[in-house]
Amino acid sequence: MATKKKKKHQFPTAYTVIIIVLLLVQLLTFVIPAGNYATIAYDTSNKDFVVTRPSGKKYKEPATQATLKKHKVNIAVKKFKDGTIYKPVAIPNSYERINLKKPNLWQAINQFFTSQVQGIAQSVDIIAFVLILGGCIGVVHANGAINSGMQALSKKIKGKQVLLIVLVMGLISLGGTTFGLAEETMAMYPILISVFLLAGYDTMTVLGTIFLGTSIGTMISTINPFSTIIASNIAGVNFARALPLRITMWVICTVIGMIYVIRYAEKVRKDPTKSVVYDQYEEDREKYLNDADFNKPANFTWQQKLSLIIFGIAFIVMIWGVQQKGWYFTEISVVFLTAGYLMAIFSGLSEHKVVQAFVDGASDLLGVALTIGLARAVSIVMDDSHISDTIMHFFSKQISGMSPLIFIWFLFIVYIILGFFIQSSSGLAVLSMPIMAPLANVVGIDRASVIDAYNWGLGFISLVAPTGLILMSLMMVNIDFNKWFKWCWKLLVIEFVLCLVALGVGLLVY
């Protein structure tokens, strides 16, 4: 008698995880009342302030410091005029419930599907970048540049594998803490996967190196204009005064992250069965190393070398543009599209092969592109339902009147919760800082501590929040979310405790 084979339980895919989160948020819209804070924004065309009441009614006021003082917005007016504060800022003590009719079942179902389409439409700049990037990688693969490059690299990295992790993770973390390097790291996975597998590591090591690098960097932000600087400006404090503690915290967290990744990576290199993703170990090597024989002498043609040089220059230009020129995904996409044209000309491939390679490469990252759009749907539902401000108002009421240490620890946890729903660092700063920063004066602590709680709470939850970068990163390396959590949960505990300790130290230092 044949025995029935037990079905292996599989964790839901990235798509399903996002859909589950979207459904949960959709349910919250039935429970959480709608409400808004009034906001104030600078109109660059008319050179005045536009105040939007919770009801949505707008009126103009002079763009003066007196106007800001009247609304208890503790920000220098020049920060609005020079573009440092470019989003509407919430006005303290202005929250009001709004009369927004709760959707019926049919309207909720319609919103559920519509938000996903809108999310894809609103993410078209990031999606274009991902698809163009995939196309470029397809061309580099097609002319054999990656295989030949890895063959040439194979002898040079023997005995120096650990340096790969230290160098890559250190540079990415530095980019994160200084200018918010995050989504741009998507471009690094396709190339570094092959390099790390060649070094004897697994895809989890690649994910840990790149994603932890950017997460730690953006979490312990020092001079990142999209988080620390904008939050400091809104809170009315000088970000430079708190730099010594933040730099120290960044160094400690980056080193701990490196040690965590290196210990695991070396264990896997010595014994592949220790890999968290051992069930796909051979499949990954076959997919990314393409059965290349690294014992053969490398036949590295000038076309292949030039293709890799062009691709590398595109990375350098991208980082320079983001840091120095404030480029976003449209400009970055143009850089890689230009690189794609140049690689097509010098690849040595026929026109048909170039086009096919570009299309195949783009299709490989189509799943990542769709995930980005679906993740955006969560924030669309929250915005349309006007529940973000209500959540913020609720937590601001809970934390007033606490002792300084309990206040700052609880605020850190509040930002972890808020960061689960609002993964935009600048968006969370302009929404929360005008409300949370004044509470520091009530409990008698420096506002710099509030900025640390905001940064570290948002950064901490970004390690696992489905609304953030993690699901897209997981799809780049074909790893399930449960395996990621199994791998990183100990680091989460370490970082959580470290943040609590550092926040306590901040009360003494600031």
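Before you start clicking, one yardstick: a residue is buried when its relative accessible area is under 20%, exposed when that area is over 50%, and partly exposed in between. Keep in mind, too, that you are looking at a predicted model.

**Stop 1: a salt bridge between two loops**

Select Asp446. With a relative accessible area of 24%, Asp446 falls in the partly exposed class, because that class lies between the 20% and 50% marks. Now add Arg241, which is partly exposed at 44%. The two form a salt bridge, and their closest N and O atoms are 2.9 Å apart. Arg241 sits in the loop between helices H10 (225-235) and H11 (243-270), while Asp446 sits in the loop between H19 (425-443) and H20 (447-461), so the pair ties together parts 205 residues apart in sequence.

**Stop 2: a second pair, in the helices**

Next, pick Asp452 and Arg246. Their side chains meet in a salt bridge of 2.7 Å, N to O. Asp452 belongs to helix H20 and Arg246 to helix H11, and the two are 206 residues apart. Are these residues buried or exposed? Asp452 is buried, at a relative accessible area of 1%, and Arg246 also counts as buried, at 1%.

**Stop 3: the sheet**

Select residues 39-43, 48-52 and 58-62, which are strands S2, S3 and S4. Add 89-90 for S5, and you have an open sheet of four strands, in the order S4-S3-S2-S5, with antiparallel pairing. S4 and S5 are the edge strands, each pairing on one side only.

Zoom in on S3, where five of the five residues are buried. Five bridges join S3 to S2, and Asp43 has Asp48 as its bridge partner. These two strands make a hairpin with four residues between them, and in the turn Lys47 has a positive phi of about 60°. Over on the S4 side, S3 pairs through five bridges as well, with Thr52 opposite Lys58. This hairpin has five residues between the strands, and here Gly56 takes a positive phi near 105°.

Stay a moment and show Arg53 and Glu96. Their side chains form a salt bridge at 4.0 Å, N to O. Glu96 is in strand S6 (residues 96-97) and Arg53 in the loop between S3 and S4, so this pair ties together parts 43 residues apart in sequence. Both are partly exposed: Glu96 at 38%, Arg53 at 27%.

**Stop 4: along helix H22**

Select residues 481-509 to bring up helix H22. Which residues make a nonpolar patch on the surface? Color Phe485, Trp489, Val493, Val497, Val501, Val505, Leu508 and Val509, and you have a patch of about 760 Å². Phe485, in H22, is partly exposed at 40%.

The helix also holds Lys490, which is partly exposed at 48%. Lys490 joins Arg263, Lys267 and Lys274 in a positive surface patch.

Then click Leu500, another H22 residue. Leu500 is buried, with a relative accessible area of 17%. Show Phe412 too: the C-alpha atoms of Leu500 and Phe412 are 8.1 Å apart, although 88 residues separate them along the chain.

**Last stop: Ser385**

Finish at Ser385, in helix H16 (residues 366-385). Ser385 is buried at 8%. Add Ile32 and check the distance: C-alpha to C-alpha, Ser385 and Ile32 are 9.2 Å apart in space, but 353 residues apart in sequence.

Note on methods: Residues are numbered from 1 along each chain as its sequence is written. This is a predicted model: local features need pLDDT of at least 70, side-chain atom pairs count only at pLDDT 80 or more; totals for chains, interfaces and linings use all residues. Side-chain values use heavy atoms; hydrogens and water are left out. Buried means under 20% relative accessible area, exposed over 50%, partly exposed in between (1.4 Å probe, protein chains only). Two strands pair if DSSP finds at least two bridges between them. Patches are made of residues with over 30% relative accessible area and no salt bridge: like charges are joined within 9 Å, nonpolar side chains (Val, Leu, Ile, Met, Phe, Trp, Tyr) within 5 Å. Accessible areas come from the Shrake-Rupley method with a 1.4 Å probe; for residues, only the protein chains shown count as cover. Lys and Arg count as positive and Asp and Glu as negative; His and the chain ends are not counted. The place of a charge is taken as NZ of Lys, CZ of Arg, CG of Asp or CD of Glu.
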